Amino acid sequence: MKILVTGSAGFIGFHLANRLLEEGNNVVGLDIINDYYDVNLKYGRLESSGINIQKVEYNKLISSSKYSNYKFIKLNLIDQENLNLLFKTQKFDAVVNLAAQAGVRYSLENPSAYIDSNIIGFTNILEACRHFEISNLSFASSSSVYGLNKSYPFSTSDNVDHPISLYAASKKSNELMAHTYAHLFNIPCTGLRFFTVYGPWGRPDMALFLFTKAALENRSIKVFNNGNMLRDFTYIDDIVEGLLRVVKKPASIDPKWSEEKPNPSSSSAPYKIYNIGNSSPVKLIEFIKAIENNLNLEIKKEFLPIQPGDVEATYADIADLFNDFNYKPSMSVQQGIDNFISWYREFYRI
């Protein structure tokens, strides 16, 4: 297939693009490479995929020296004119939209970034899929949509009408927008609610990166909710495996869907929402201990209350993804952390 992966200089998009390429697909990666976090890490990901970062220019397709089936373009999703031109000339079979303004706490500081990228940008993706007859759109949602819900494990049949951050609200909006386009224009749309993804090449604003960096620099770490947060930490390879299966099998109409008792995760349109997680939540303090096990040291900790926009726990019910795709995450937290720290030491030469 010929597949557009947006956010391909990002954590998940980078890993997915590489796997798709290794399986022989033709991939166009797209990213604006904003400075929400260190752009050197984003460029490092691109370089490892064979993209000459010295040649990166806005709205210019660059071929990879590593993969003959990979091209990258720096482009902003709010640039509808050039986005449509890309769709018109490249004729994609499928689109995976992973480009988004991420981060719960940052949404309290810069809400307009979330409207631009997650709402306007996603609208432009949907419009391009509509006008250029894309047969499969997969897109990133988030476990953050569960908000005030404390019915564990989180199920896609649960109500998600009470988000507690603009980031979460923007992700729920994406799900609603995608359903509208699936219904009106018959575009198969699959949304994946990611649960705390971690692993090599991970984001610097995420706990594992922050804790590892601080520990190696002999600094203390901030531990929110006194370490009692529960998170369904999911290793990047397990996430990518689920994504690959979704890309190969577009969403379809649910023949059992009822207008009288509507299932929010499916539809009479080709639309489906899945949780994609490890389905085995871990206490934050235990996650920290796994880092300490690897580094053979005790990290200095500053215990703090829960922060605005944070939820106390995430726990994914992944029964639908198992039933439809035989999805079985397999990476243990300790091994996943070991893999990350090994990458971190190599990348930063520590």
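These questions and answers walk through a predicted model.

Biologist: In which order do the eight strands of the open sheet run?

Modeller: The sheet is open and its pairing is mixed. Neighbouring strands are turned by 20° against each other on average, direction ignored. The order is β3-β4-β2-β1-β5-β6-β7-β12.

Biologist: Which strands stand at the edges?

Modeller: An edge strand here has a single partner, so one side of it is left without a neighbour in the sheet. Two strands fit that description: β3 (61–63) and β12 (271–276).

Biologist: In which sense do β5 and β6 pair?

Modeller: Strand β5 covers residues 94–97 and β6 covers 137–142. V96 stands opposite S138 in β6. Three bridges join the two strands, and the sense is parallel.

Biologist: Which helix lies across β6, β7 and β12?

Modeller: Strand β7 spans 189–194. The helix spans residues 166–185 and runs at about 155° to β6. Angles over 145 degrees count as roughly antiparallel. The helix is α6.

Biologist: Where is the cis peptide bond that ends at P153?

Modeller: The bond runs from Y152 to P153, with omega near -10°. P153 sits in the loop between β6 and α6.

Biologist: Which residues of α7 are buried?

Modeller: Helix α7 covers residues 207–216. Its buried residues pack against α2 (39–48), β8 (197–198), β9 (221–224), α9 (284–295) and α11 (333–347). They are L208, F209, F211, T212, A214 and A215.

Biologist: Are α7 and α9 parallel, perpendicular or oblique to each other?

Modeller: Their axes come within 11 Å and cross at roughly 45°. Angles under 35 degrees count as roughly parallel, and 65 to 115 as roughly perpendicular. The crossing is right-handed. The two helices are therefore oblique.

Biologist: How many charged residues does the contact of α7 with α9 have?

Modeller: From α7 come L208, F211, T212, A215 and L216, which meet L284, F287, I288, I291 and L295 in α9. By class, nine residues are nonpolar and one is polar. The number of charged residues is none.

Biologist: Is N218, with its positive phi, buried or exposed?

Modeller: N218 follows α7 and lies in the loop between α7 and β9. Its phi is about 60°, although N218 is not a glycine. The relative accessible area is 57%, and the cut-off for exposed is over 50%. N218 is therefore exposed.

Biologist: What is the relative accessible area of K91?

Modeller: K91 is found in the loop between α3 (80–90) and β5. Its phi is positive, near 55°, in a residue other than glycine. K91 is exposed, and its relative accessible area is 61%.

How values were computed:
Residues are numbered from 1 along each chain as its sequence is written. This is a predicted model: local features need pLDDT of at least 70, side-chain atom pairs count only at pLDDT 80 or more; totals for chains, interfaces and linings use all residues. Side-chain values use heavy atoms; hydrogens and water are left out. Buried means under 20% relative accessible area, exposed over 50%, partly exposed in between (1.4 Å probe, protein chains only). Helices (H or I, at least four residues) and strands (E, at least two) are DSSP runs, numbered from the N terminus. Contact means heavy atoms within 4.5 Å. Two strands pair if DSSP finds at least two bridges between them. Axes are lines fitted to C-alpha atoms, for helices over the stretch in contact, and angles run from 0 to 180 degrees between N-to-C directions. A crossing is left-handed if the near helix is turned anticlockwise from the far one by less than a right angle, and right-handed if clockwise. Ala, Val, Leu, Ile, Met, Phe, Trp, Tyr, Cys and Pro count as nonpolar, Asp, Glu, Lys and Arg as charged, and the others, Gly among them, as polar.
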